[in-house]
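Here are a few informal notes to read alongside the coordinates. They cover some charged pairs and one helix.

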2 protein chains.
Amino acid sequence: MFGRPAGGTFADGVSRVAYSDADIEGRRYVMELMKAGGLQPRIDPAGNIFANRPGAEPRLPPILFGSHIDSVPGGGNFDGDLGSLSALGALEALDATGMRTRHPLEIVVWAHEEGFAFGRGLACSRIVAGEITPADMNEVWNGMRRGDAIRRIGGNPDRIFEARRPKGAHHCYLELHIEQGGTLERAGVPIGVVEGIVAIDKYDAVVTGFANHAGTTPITERHDAMLAAAHLTVAVRDAVTRAPGRQVGTVGHIEVTPNSPNVIPGLARLSIELRDLSPQKLVAMMDDIRARAREIAANTQTTIEFIPAMSAAPAVASAEVQSAIERAGASLGLGTSRLPSGAGHDAQMMALLGPMGMIFVPSVAGVSHSPKELTHWEDCARGADVLLRTVLEMDKLS
Amino acid sequence: MFGRPAGGTFADGVSRVAYSDADIEGRRYVMELMKAGGLQPRIDPAGNIFANRPGAEPRLPPILFGSHIDSVPGGGNFDGDLGSLSALGALEALDATGMRTRHPLEIVVWAHEEGFAFGRGLACSRIVAGEITPADMNEVWNGMRRGDAIRRIGGNPDRIFEARRPKGAHHCYLELHIEQGGTLERAGVPIGVVEGIVAIDKYDAVVTGFANHAGTTPITERHDAMLAAAHLTVAVRDAVTRAPGRQVGTVGHIEVTPNSPNVIPGLARLSIELRDLSPQKLVAMMDDIRARAREIAANTQTTIEFIPAMSAAPAVASAEVQSAIERAGASLGLGTSRLPSGAGHDAQMMALLGPMGMIFVPSVAGVSHSPKELTHWEDCARGADVLLRTVLEMDKLS
C-alpha cells in the first residue's frame, strides 16, 4: 500500500477513542499527510474530514471513499485506519502516475465511528446521511456535551444540518476495511467482496421464577430462572444453526437475581442478538426462539418475556460495485470471495445516499477490537491496490 | 404453644442480623422472659444464652434444646425464634404442671446462627462444638472485629475456649424449627422428623472460551463460554434428577466476562451446589456432571475447570431421637413424616457432641428467609407440644 501505513502513527499501538486527545492527535496527523500529498483537507460541521481531487468531468458526482480512524478502548491499529490511509494512498498513486479520472474523487475520514462515546456508533456518517435532530447535540457522555465534543474535533454543532448530503451526492461510496472475522483467512482468499451489512435485531429476555432456599426447596417445586435462561441460551444457538446460512446469534449478557450460590435464582435477564443480511431470517429465528421459550417456561415453571431492544435494517452493497471489486481483484490476479459484514460500518449510512461497496482483507485469527488485531502488510497492500482499481472500474461507469 | 410466641417482639417483623442493635434487643427480651419464668439465664464466652431447670437425678447429663433468634437481612420471625421460645415454653409448661424430669433440662438460644455476619453461619454453636482457633477472633466484618462483636452480645473472647463442651456433655440435643421448604405443607403432615442435615458440596465452575465480535465471528468459529455455561447448568439439573431421591443441586451464581450483548462471552464462572444426606451421592452426581462437562467443552470449543469451594459433612439425627419424636407425635394424635433438612442448623454442630434430633413444622408455601415467611400458629403450637413430649420421651431413656 504505497509504503505509508506501515510506519508512522497508525502502527503505534495507541487506541483512539472518539474525541480523546489521541483521536485529535491522529486526526491532525492524517490532515498533515493529506497536505503533504498536495490536498486541502476540510472538516465538515459534523467533524468528518474530507479532501477532493478534481476529475476530468467536473459535473459528474464524486466517487467517495475512506473509512475512520477512531477506535474502541483497547482497540487495534487496523480497524478503520487501513481504509482511511489507503484512500489517501490511492490519490497519491494517481498523482504519481499522472492519471486523471473522469469523476472527481473525494476521500473521507469519518469521525466517531465506534460505538463507545455517547453509547452510539457511525455517529458522524449518520449526520451526513441526515439522521440527526437538534436534541442530539445535547446528549451528555463522560461529562461532555455532544455538541462540545464535535466542536473539539473541529466541527460546528451550530451548523450541524449543513453536514447533511442529499441522495445522489456521490457516484458511489467505497470502503476498504479489515474483515474482523476469520472467514477470509480460513478460506485462503485475499479479498472479500462485501454483499452487505447485516440487519441486527436485539431483544432482552426477562425470565421470572421465584427465589427460594437452595437447600430446602425440592427440585419439583423450583421456579429456577437461571435454569430457564440456560435452556433459552441453548435454544438461541439451536435456532441460529437450524437453517443453513451465515446468520449468527449471541447471548452475550446475563444478569441474575439474587445471584447467590445458595439461593435459587428468581430472575434472569439476558440479551439476544441476531444478525443476518435477511431481516426475514431474523424474524423466523425469533419465532423459533419464542416457540421454544413457551416450552421452556412451562417445563421450568417460569415466565419468559421478550422486550425488543433494537432493530437495524440491512445495508445491501450495490451489485455494480460488487462486480467492480471482483474485476479489480481479477485484474491484479487476486482471488475474491463474497461475504456479509457482520459488523456495522459507515458504509451502511452511505448506502442511504447511493451505491455502496466494501472491500475486506483478512484479519489474523479473526481477532479485532483487541491490541492483538493484525492484518499482514501484504494483505493491507493488496486491499489498497484493489481499492484503487475499484475506483478506476467505477470511474468507467456513468 | 402456651400462648406466648404469638405476641411480643418475635412477631414484630424485625430482622435481627447477628450483633445488630435489633439482635441485642431481642436477646435482652428473651432473657427477660426467662427471668419472668423463674430461670437464671447466663451467657457463655461465645455469646450463647443458656438456662437450666434441675432434674431429679442431678448426675445425669442435661437434655439440651433450643434454637437461635438472629436472622438474615430481610428475614422473617419464625426461623429460629419458634424453637427458642418453644424451649422456654416447654419449661413453663412443666412448671405449670409441677412435673419434674429425671434429667436436668437446659435450654439454649444460640448466637449468630445465620451466615451473614463474618460470612459464616452456625458460628457460636460451632465454638461450643470445639471448632475454633484464636485467629478466628481477629476476623473483621463490616468494620467489626469478631472478638469485639462477641463481646458486644455479652460473650468473652478472651475466654472463648471455655465455651467448648466435651462429647457426652448432654443426654441429647433437640431443636424445633420451621421446615423452610414446602414438603410438609404439600403432604398435609403437621410434624416432620428430621433424618439428618444434608451434606453440601460446592464448586466453582470456570468456563474459558474466547471473547470475540458477535457480528463477525461465524458460529463454527465460536468459543462461547456462556453457551457452555448454559449446557452445564442444564447438566447439573439432569445429574440431580437422574436418580430417585431428595437430593438437590443449584446453579445460583454466574459471572460472565465481558458480559456485553455484542461480544461472545470469553469467560463464565458459575457456582454448583449439591446437597444430600449421602456424601457418596454428591460424589456420584459430581462425577456425572464432570463427564457431561467434558462433552460440553469439546462441543463448544471451551475448557471447563471445577474448583472445590466447600464441602460440609452430613449430620445424621439419632435413631433414638427420631423414634422419640414419632412417639411424641403419635401421643398427640399428630401425623409425622421423616425428611432430610436441606438447610444447615446449629443441631449439626451439637451432633458432634452427642445424639441429636430435630422437629420440623410446615412453612406456608415453603417460603423462608423472607418477610413472607409464615407458619400458622396452630402448627407452631403443635411443634412446641411435640418438642415438650419428645423431651419427656427422651427423659425416660438413660
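1. A quick definition before the pairs: a salt bridge here is a side-chain nitrogen of Lys or Arg within 4 Å of a carboxyl oxygen of Asp or Glu. By that rule, the side chains of A:Glu393 and A:Lys396 are joined in one, at 3.1 Å from N to O. Bear in mind that this is a predicted model.

2. The two partners sit three residues apart in helix α10 (residues 377–396) of chain A, so about one helical turn separates A:Glu393 from A:Lys396. Their surroundings are worth a look: A:Glu393 is buried, at 12% relative accessible area, whereas A:Lys396 is exposed, at 58%.

3. Chain A has another such pair in helix α7 (residues 279–300), where A:Arg292 and A:Glu295 are three residues apart and thus separated by about one helical turn. Their closest N and O atoms lie 2.8 Å apart, making a salt bridge. A:Arg292 is partly exposed at 28%, and A:Glu295 is partly exposed at 44%.

4. Over in chain B, B:Arg159 and B:Glu162 form a salt bridge at 2.7 Å, N to O. B:Arg159 is partly exposed, with 46% relative accessibility. Back in chain A, shared partners link A:Arg42, A:Glu106 and A:Arg165 into one salt-bridge network. Over all chains, the search of the whole structure gives 50 salt bridges.

5. Now the helix: α2 (residues 81–97) of chain B has 17 residues, which should span 24 Å at 1.5 Å a residue, and its end C-alpha atoms are indeed 24 Å apart. Of those 17 residues, 13 are buried, so α2(B) is largely enclosed by the rest of the structure. Following α2(B) comes B:Gly98, with a positive phi near 70°.

Methods. Residues numbered from 1 in each chain as written. Chains lettered and ligands numbered in written order. Predicted model: local features only at pLDDT ≥ 70, side-chain atom pairs only at ≥ 80, totals over all residues. Heavy atoms only, no water. Helix = DSSP H or I, 4+ residues; strand = E, 2+ residues; numbered from the N terminus. Expected span 1.5 Å × (residues − 1). Buried < 20%, exposed > 50% of the residue type's maximum accessible area, 1.4 Å probe, protein only.
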